[in-house]
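Here are a few exercises to work through with the model open beside you. Try each task before you read its solution.

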Amino acid sequence: MWLRVQKLLRLNVCGHVCVRHVKSRTHLPVLTLFTKHPCPLCDEAKETLEPYKHRFELQEVDISLPENSVWMDRYRYDIPVFHLNGQFLMMHRVNTTLLERALEKASV
């Protein structure tokens, strides 16, 4: 988890503004993997992601489930597909250069 310093403004008893710095935890970027079973390319992609797993939270979406039919229609022939924080990132194979750049940008 990344720590971010935030300023909290509040009024003291006399009505003066007080500034207090507070450390708060922010969540890691969310990397969403659109997959289905079986998917050998998805398994390969997860292995490639292993050295980076401390830099994101992995969320898997099984496109074969009825509630994910929109994703099935969109990605049926393209899995694995990855989104980072809800935005399309890559498909078919993990591009580690692209992933590293996106993770750096997401953590700023």
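**Exercise 1. Work out how many helices and strands the protein has, and in what order they run.**

Start by counting: this predicted model has three helices and six strands. Next, walk from the N terminus and you get β-β-β-α-β-α-β-β-α. Then look at the contacts between residues at least 6 apart in sequence: 54% of them join residues at least 24 apart.

**Exercise 2. Find the largest nonpolar core and say which elements supply it.**

Step one is the core itself, which has 14 residues. L31, L49, F82, L89, V94 and L99 have the most contacts inside it. Step two is to trace the elements: β3 (30-35), α1 (40-49), β5 (81-84), β6 (87-91) and α3 (96-106) each give at least two residues to this core. The largest share, three residues, comes from α3.

Now zoom in on L31. Skipping neighbours within four places in sequence, its contacts include L49, F82, L89 and L99, along with F56 and L58. Finally, there's another core lying apart from this one, with nine residues, among them C39, I63, I79 and V81.

**Exercise 3. Locate the disulfide, then decide its handedness and whether its cysteines are buried or exposed.**

There's one disulfide to find. C39 and C42 form it, with their sulfur atoms 2.1 Å apart. For handedness, check the torsion about the S-S bond: it's about 70°, so the disulfide is right-handed. For burial, the cut-off is under 20% relative accessible area. C39 comes in at 9%, so it counts as buried, and C42 is buried too, at 1%.

**Exercise 4. Hunt down the backbone oddities: which peptide bonds are cis, and which residues other than glycine have a positive phi?**

Here's the yardstick: most residues other than glycine have a negative phi, and most peptide bonds are trans.

- Take omega first. The bond from H37 to P38 is cis, with omega near -5°, and P38 sits in the loop between β3 and α1.
- The bond from I79 to P80 is also cis, with omega near 0°. P80 belongs to the loop between α2 (69-75) and β5.
- Then turn to phi. N85 has a positive value near 50° and lies in the loop between β5 and β6. With a relative accessible area of 44%, N85 is partly exposed.
- H92 also has a positive phi, near 75°. You'll find H92 in the loop between β6 and α3, partly exposed at 36% relative accessibility.

Note on methods
Residues are numbered from 1 along each chain as its sequence is written. This is a predicted model: local features need pLDDT of at least 70, side-chain atom pairs count only at pLDDT 80 or more; totals for chains, interfaces and linings use all residues. Side-chain values use heavy atoms; hydrogens and water are left out. Helices (H or I, at least four residues) and strands (E, at least two) are DSSP runs, numbered from the N terminus. Contact means heavy atoms within 4.5 Å. A nonpolar core is a set of buried Ala, Val, Leu, Ile, Met, Phe, Trp, Tyr and Cys residues joined through side-chain atoms within 4.5 Å. Buried means under 20% relative accessible area, exposed over 50%, partly exposed in between (1.4 Å probe, protein chains only). A disulfide is a pair of cysteine sulfur atoms within 2.5 Å.
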